[in-house]
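Me: I'd like to go through this one label by label and hear the reasoning behind each. Can you take my questions in turn?

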Amino acid sequence: MSFLWMLWLVWAGMPPLLGAQSPSVSTSDPQDPYAELSSSLEKAIQAEKKDLEQLTKGLEELKQGQSTWARELQTARLQMSAVGNLVSLSSPSLEDLDKALGPLKQTVEDAVARVKALQEKQTDLDAQLKALAEQRAANQSRMESVKIRGDELPSSRTLSTQLKEADELFKQKEKRLKDSLAIYQKLMDDWSALRDESTALLDQLNKRIAERKREELFRRTRNPLLGLSGTQFRQDLDTAAALITQALQPRFWVDAGQGLWKAGGVLLVTSLLVFGVVEWLCFRFRNLCRAVLARKDGRDRPWFLLTMHLLSRSLPLLGATVFVHGYTSARDLYDTSVFLRSLCQILLLWLLSSWGIHFLEAVKENFRPDRFAFVVRRIRLLVSLGRWLFLAYVVVQESLGRSSALLLLYRFALESAFLAWNAVFWRELRGRLADGAPSWMAARPWVLHVGMGWGYGLALVGILLELVGYALLATLWYVGWGRSLIVGLWVFLFYKCLHEWEATMRTAAVFAPQAEKDTNGSFWWLTVKVLWVVWFFAGTVGILLAWGAKQALIVGFFHLLNTPVPLGNLNFRFLGLIHAGAILALTHVGSRCLKHFVKNRVFRHSGLEVGLQESIVSVAGYVLWFVGILAALNALGFSGTSLTVAFGALGVGLGFGLQNIFNNFISGLILLFERPIQVGDSIEIDGVWGEVRKINVRSTIIQTLDNASMIVPNSEFISSRVVNWSFKDLRIRRNINVGVAYGSDVELVRQTLLEVAQSHPLVYKQPEPSVLFVDFGDSALIFRLRVWTTVPVCLQVETDIRFEINRLFQERGIEIAFPQLDVHLKTASVTGGDGTPSFRGHPVEDATSRGDVHRVKDAGSLNER
């Protein structure tokens, strides 16, 4: 601030000196402005002297601190030299490499922090030097102005002396700043070199640790149990006692807290606050899940409710585990902080074992608790006891190291105990099955053999690996199977949940309206398919992580899926196939949603014809499908040239084997644009009435009056005659014929028919109904009633009119004619001696026996007279 103040004083006070005719300066008393300016300048000089003293003091402290920083650099380089020698060994101990990793990471972090601080200090000094240079240039300019004016006043000479003194102060400050900058630049170079060297050494150490892990994993060593001695046990016990004594002292925890504070600082406090918020959200979500579970009935979706129950019970622990792992990974403290590394392992162990215990409890409560309850009890006891034993194993390993004799003996005891548990468990299970096995197990005896083989194999393989010298591989064997069981548990639960969801969707789709089936059904179908893909890849990644796969391996796995496989001129990728399938699925759902949106939102109150709306909606769907197919082909690796060749081959195919398909496709487009038939039209084709439901790419769906669906190729509507009863007008004239008996009052018949037609609400008044006297039939007078109505209700109108005609004809005594049969019998005038009919002495036959029957053909009933 003193620099800016000085600059302001100079710029604000000097203009009166430069302009003699300035109105702000009184010509009668010229001494006052110089005296006031001199006084202000004196105060600025005193402030600059204080700044100079501070700069001098800071420079001295900086020179004294050079020795301290030199010792720190020397210590860091000695440490790096030791690590470099360890890395250069042909077969260094993996435990020594792990121990060297933490301090080296701390050295890298310290060097990065020092370089950053030095850069900020350099930036600040550069800014000060720049401002000082501007001040000095302005001061020299004012000195030249005073010299040119040449006033002989005492205040003017005093002002000139003060300006020279200020310039000298500026020179001294500039020298101090440059000296400080040079020291900082030297420190910057040293710490930058240390940072680069330590980073390179850290990369070498990480690679060396990875190599040693691979070597140790498959390198056979001498049986570690044979090399154990009492001395090693005593040393381990003494070390453990010392660690316990140290842990009981408050100073130990104070130092641990200070170390965490040094590593995190303010970020640690912020992280703790974030941790509190995360735990609060987990508890809130757990209470919400419990409320939902209390309202749900578990009979329809038991596995979904079990999964929610399992997740809700472990939410607080899951939040704590994820947070601690995330904080440790973000700060890269897993290898440098033994406390955080142990905490991560303990939380993960407790979380995985809790999932197993809660799952077994839920199975016992909800799924046949009486059957094999002892199996659930035995496994639950194994998991509950095992997590405490493994907790102790983690503590011993982090305290005494992996090569500790006490740890080796403890691990072998755990392996032997697990083998003994298998022997007892499977023997008891076989005994219970001998008394009576369930029907499903009796039909599948191999299930028991597979379970026994897996249990004994898991225990025996680990012990054998331990005895032959593959200790690290044995540890990975047990840990990998333990994690795989938990991953398999969640994979199984999500598999059952997705199956339940699909079953629920199928049940709901049966009763859903057609519009919801076209839109919501497609959306949920895509959601389920995406979840199945996510389930598969998540399970795969989970199994890889369970067996210790690192990020590079997982990235390599997906890189392998994206590796191009040349097929002719195409580069085929497995991920490309997945992308193409995803694009087509999205296109399918997008097409359904687009059609639903355009039809029910855009054209909702447009007043356009239904057929025109359907045509526009169908064309929009075709355009979207065309774009989606092009995108899918591009994802598969087809370039523009490949697509040109493909479409050329398609044209050749159309010329030979796909003529009918292409003909129907073009006919479908003609139907959509010319619209001789539209969706909703009532048509008659080959004597069959039906309503047009949908015009597809190849065919048209027609729903007959019997609710049967006719699939008619589109070309039939172009090349054949089709009767469209609702092409331009939905009105239709229907004819109803009725025959009355001879002798009926024809005028009464006419009036009755007109009365029936005019009283029906669905018959048009204009054109008005009419009655025609059609013909004189064999046994009836034929009348024809002509009425106008609409196509959708024409059959119902005809039925109603016939019912009403029959009722009124009965009331008014009008007889409806029917066919009659006259039978004439010719009897003989003279009877023979035997009583048989005879005519003039000759016997005759009955007329009916000769078939002398006259039939009257007419519509109606049959009567004998």
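Reply: Sure. Keep in mind that this is a predicted model. A good place to start is a cluster of F418, W421, F425 and W426, linked by ring pairs.

Me: What makes two rings a pair here, and how many aromatic pairs does the structure hold?

Reply: Ring centres have to lie within 6.5 Å. The structure has 19 aromatic pairs.

Me: Why is the pair W355 and W490 called edge-to-face?

Reply: Their ring centres are 5.1 Å apart, and the planes meet at 80°. Edge-to-face needs an angle over 60 degrees, so 80° earns the name.

Me: Why do you say that this pair ties parts together?

Reply: W355 sits in helix α11 (residues 338-366) and W490 in helix α16 (residues 471-510), so the pair joins parts 135 residues apart in sequence. Both W355 and W490 are buried, too.

Me: What makes W532 and W535 edge-to-face?

Reply: Here the planes are at 85° and the centres 5.4 Å apart, so the pair is edge-to-face. Both residues belong to helix α18 (residues 520-546), where they are 3 residues apart, about one turn of the helix.

Me: Why does W532 count as buried, and why is W535 called partly exposed?

Reply: Buried means under 20% relative accessible area, and exposed means over 50%. W532 comes in at 18%, so it counts as buried. W535 is at 26%, so it falls in between and counts as partly exposed.

Me: How do you know that R387 lies over the face of W350?

Reply: R387 is 4.0 Å from the ring centre of W350. The distance limit is 6 Å, with a further limit of 35 degrees from the ring normal; R387 is listed as lying over the face.

Me: Why are β6 and β7 called edge strands?

Reply: The open sheet has 5 strands in the order β6-β5-β4-β3-β7, with antiparallel pairing. β6 (709-713) and β7 (723-724) each pair on one side only, and they are the edge strands.

Me: How do you know that β4 and β5 pair?

Reply: Pairing takes at least two bridges. Strands β4 (residues 688-695) and β5 (residues 699-704) are joined by 5 bridges and run antiparallel, so they qualify. V692 has I702 in β5 as its bridge partner.

Me: What is the span of helix α20, and what is expected?

Reply: Helix α20 (residues 574-602) has 29 residues and reaches 40 Å from its first C-alpha to its last, close to the 42 Å expected at 1.5 Å a residue. Its buried residues include L575, G576 and V598.

How values were computed
Residues numbered from 1 in each chain as written. Predicted model: local features only at pLDDT ≥ 70, side-chain atom pairs only at ≥ 80, totals over all residues. Heavy atoms only, no water. Helix = DSSP H or I, 4+ residues; strand = E, 2+ residues; numbered from the N terminus. Expected span 1.5 Å × (residues − 1). Buried < 20%, exposed > 50% of the residue type's maximum accessible area, 1.4 Å probe, protein only. Phe/Tyr/Trp six-rings, centres within 6.5 Å; stacked < 30°, edge-to-face > 60°.
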